Amino acid sequence: DAFRIANGTGLPMVQFLGYAPQIERSDTGFLLEPGGVTFDLVLDQAPSPDPQKPCFFLRVDDGGLGRCGIYPIRPGACRRFPAVRLGNGDGVGVRDGIVCPEGAWDGHPMDRLSWRTALEREQRDRELYAVVASEWNARVEAVGELGPRTFGAYLDHLSETYAWISAMR
């Protein structure tokens with residue numbers, strides 16, 4: 001998603017991405033120092049006085065309506081919102097905790113093929129990203145004497161790796 005958004009907007013990844021420490025290590029977490037905490041890549045939030053800060057790409061029109069400023073290239077999580085895979089892995093449902101008005105998703109049956117397809121695509125993308133993060137982490141662990149790595153260097157790694165992957169497709 002980050003590579004696609006950067007290419008589609010012309011923005012450097014560092015302008016719209018941030019990172020947050022993982023509560024529990026996962027295969028998609030990346031290191032900034034050997035043996036350190038792993039981090040999740042996150043879409044940054046727009047500056048706002050509101051405690052629930054909006055997405056960096058939210059655009060509000062003159063009438064006060066919010067719209068996605070990158071809709072054609074929006075992240076996978078946004079494409080499949082509000083769908084989630086149910087606990088048993090067999091079905092698709094509406095995720096908990098959404099702030100949309102009651103009944104907003106009633107006309108969008110969760111058993112549609114498009115929801116399942118979006119979730120499958122997201123899973124494949126996650127698996128690829130886990131490999132890319134693992135490669136980075138191995139480099140960080142192997143050359144610990146060079147000290148901590150920067151978030152910018154990690155984003156460079158992502159950009160270079162996904163450019164290579166895109167060229168191979």
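Among contacts in the protein chain between residues at least 6 apart in sequence, what percentage join residues at least 24 apart? It's 51%. Keep that in mind as you click around this model, which is a predicted one.

**The whole chain**

Start with everything selected. You're looking at 169 residues, and 30% of them count as buried. The accessible surface adds up to about 10,800 Å², with 54% of that belonging to carbon and sulfur atoms. Switch to a cartoon view and you can pick out five helices and seven strands. Trace them from the N terminus and the elements go α-α-β-β-β-β-β-α-β-β-α-α.

**A three-stranded sheet**

Now select residues 17-21, which is strand S1, and 30-31, which is strand S2. Add residues 38-43 for strand S3. Together these three make an open sheet in the order S1-S3-S2, with antiparallel pairing. S1 and S2 are the edge strands, each with a single partner, so one side of each has no neighbour in the sheet.

Zoom in on S1 and S3: five bridges link this antiparallel pair. For a spot to look at, pick Leu17, and you'll find Leu43 of S3 standing opposite.

Next, bring up residues 151-168. That's helix H5, and it lies across S1, S2 and S3, running at about 115° to S1.

**Gln22, in the loop after S1**

Click on Gln22, which sits in the loop between S1 and S2. Is Gln22 buried or exposed? It's buried: the relative accessible area of Gln22 is 10%, and the cut-off for buried is under 20%.

Show side chains here. The one on Gln22 makes a polar contact of 2.8 Å with the side chain of Ser26. Another polar contact, at 2.6 Å, ties the side chain of Gln22 to that of Thr38. Setting aside residues up to four places away in sequence, Gln22 touches Thr28, Gly29, Val37, Thr38, Phe39 and Asp40.

**Asn137, on helix H4**

For the last stop, select residues 113-142 to light up helix H4, then find Asn137 within that helix. Asn137 counts as buried too, at 14% relative accessibility.

Which backbone atom does the side chain of Asn137 reach? Draw a distance to the backbone nitrogen of Leu31 and you should get 2.7 Å. Beyond neighbours within four places in sequence, Asn137 is in contact with Gly29, Phe30 and Leu31. You've already met residues 30-31: they are strand S2. Gly29 should ring a bell as well, being one of the residues that Gln22 touches.

Terms used: Residues are numbered from 1 along each chain as its sequence is written. This is a predicted model: local features need pLDDT of at least 70, side-chain atom pairs count only at pLDDT 80 or more; totals for chains, interfaces and linings use all residues. Side-chain values use heavy atoms; hydrogens and water are left out. Helices (H or I, at least four residues) and strands (E, at least two) are DSSP runs, numbered from the N terminus. Buried means under 20% relative accessible area, exposed over 50%, partly exposed in between (1.4 Å probe, protein chains only). Contact means heavy atoms within 4.5 Å. Accessible areas come from the Shrake-Rupley method with a 1.4 Å probe; for residues, only the protein chains shown count as cover. A polar contact is a pair of N or O atoms within 3.5 Å; within protein, one must be able to donate a hydrogen and the other to accept it, and residues adjacent in sequence count only if both atoms are side-chain atoms. Two strands pair if DSSP finds at least two bridges between them. Axes are lines fitted to C-alpha atoms, for helices over the stretch in contact, and angles run from 0 to 180 degrees between N-to-C directions.
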